[in-house]
Amino acid sequence: MFDREIIITGEHSNKVKYLVNEAQIYSRYLDVYLNGVVIGLLYNQRQKKEISVSETAKIFAEQVIGASEELIFLYRLVMLLDCSSNLTEDERIERAFKDDALQDNQQKMKLNMELFNEYANGGISILYDYLCKGNIELDSYIDTAYSLIKSFENQNNDSIEKEINEIIYQ
């Protein structure tokens with residue numbers, strides 16, 4: 001797992017390239033991919049692999065292997081937290097820690113990686129839409145990134161406060 005190159009296809013590859021080469025918000029495609037997984041998971045945004053555009057962005061095996069610990073950690077996190085497949089907690093734990101270890105689970109592993117990449121694609125789209133639409137100067141990117149972080153912070157504070165109130169007033 002995470003021992004070969006990652007190929008991002010279609011419109012998502014264009015967005016990754018823009019974030020790295022044009023906007024210069026990130027220095028590597030890998031950084032966009034890693035952040036995309038996190039943002040996709042936090043905002044519960046998934047997008048299927050797109051093949052309608054022939055563009056690709058490749059993250060070379062050397063970089064993937066170098067970041068394999070982070071990628072495996074994020075993979076396990078996605079497998080544990082994703083509730084879209086209506087699996088029980090025990091089944092999600094098994095998916096996170098066993099499916100990749102057993103050789104006879106190649107089909108499950110393929111489906112799990114598709115799910116992981118869907119979160120990456122969803123997050124890449126959010127990053128692109130939020131950071132790049134209408135921004136042409138570095139200060140604009142920074143301001144927009146700051147407001148993205150603040151909106152997430154406010155969203156989480158509201159949900160944490162709601163959970164605390166539910167516990168207190170139960």
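## A tour from the strand pair to the aromatic cluster

Start in strand 2 by selecting Lys 58, the bridge partner of Ile 7. Keep in mind as you go that this is a predicted model.

**Stop 1: the two strands.** Widen the selection to residues 6–9, which make up strand 1, and you will see this strand pair with strand 2 in the antiparallel sense, over four bridges. Now show the side chains of strand 2, residues 56–59. Which residues are on its covered face? They are Ala 57 and Ile 59, while Thr 56 and Lys 58 are on the uncovered one. This fits a general pattern: in a regular strand, side chains alternate between the two faces of the sheet.

**Stop 2: Thr 9.** Go back to strand 1 and pick Thr 9. Is Thr 9 buried or exposed? Its relative accessibility is 13%, so Thr 9 counts as buried, the cut-off being under 20%. Select the backbone oxygen of Glu 50 as well: a polar atom of the Thr 9 side chain lies 2.7 Å from that oxygen. Leaving aside residues up to four places away in sequence, Thr 9 touches Lys 49, Glu 50, Ile 51, Glu 55 and Thr 56.

**Stop 3: Phe 2 and Tyr 75.** Next come the rings. How many aromatic pairs does a search of the whole structure find? There are five. Display Phe 2 with Tyr 75: the ring centres are 6.3 Å apart and the planes stand at 75°, so this pair is edge-to-face. Phe 2 belongs to the segment before strand 1 and Tyr 75 to helix 4 (residues 68–81), so the pair links distant parts of the chain, 73 residues apart. Colour by accessibility here if you like: Phe 2 is buried at 8% relative accessible area, and Tyr 75 is buried at 0%.

**Stop 4: on to Phe 116.** Keep Tyr 75 selected and add Phe 116, its partner in a tilted pair with 6.1 Å from centre to centre and 55° between the planes. Because Tyr 75 lies in helix 4 and Phe 116 in helix 6 (residues 106–132), this pair ties together parts that are 41 residues apart in sequence. Both residues are buried. Now add Tyr 33 and Phe 2 to the view: ring pairs link these two with Tyr 75 and Phe 116 into a cluster.

**Last stop: a charge over a ring.** Finish with Tyr 119 and Arg 46. Where is Arg 46? Arg 46 lies over the face of Tyr 119, 5.8 Å from the ring centre.

Terms used: Residues numbered from 1 in each chain as written. Predicted model: local features only at pLDDT ≥ 70, side-chain atom pairs only at ≥ 80, totals over all residues. Heavy atoms only, no water. Buried < 20%, exposed > 50% of the residue type's maximum accessible area, 1.4 Å probe, protein only. Pairing = 2+ DSSP bridges. Phe/Tyr/Trp six-rings, centres within 6.5 Å; stacked < 30°, edge-to-face > 60°. Lys NZ or Arg CZ within 6 Å of the ring centre and 35° of its normal. Polar contact = N/O pair within 3.5 Å; in protein donor to acceptor, adjacent residues only side chain to side chain. Contact = heavy atoms within 4.5 Å.
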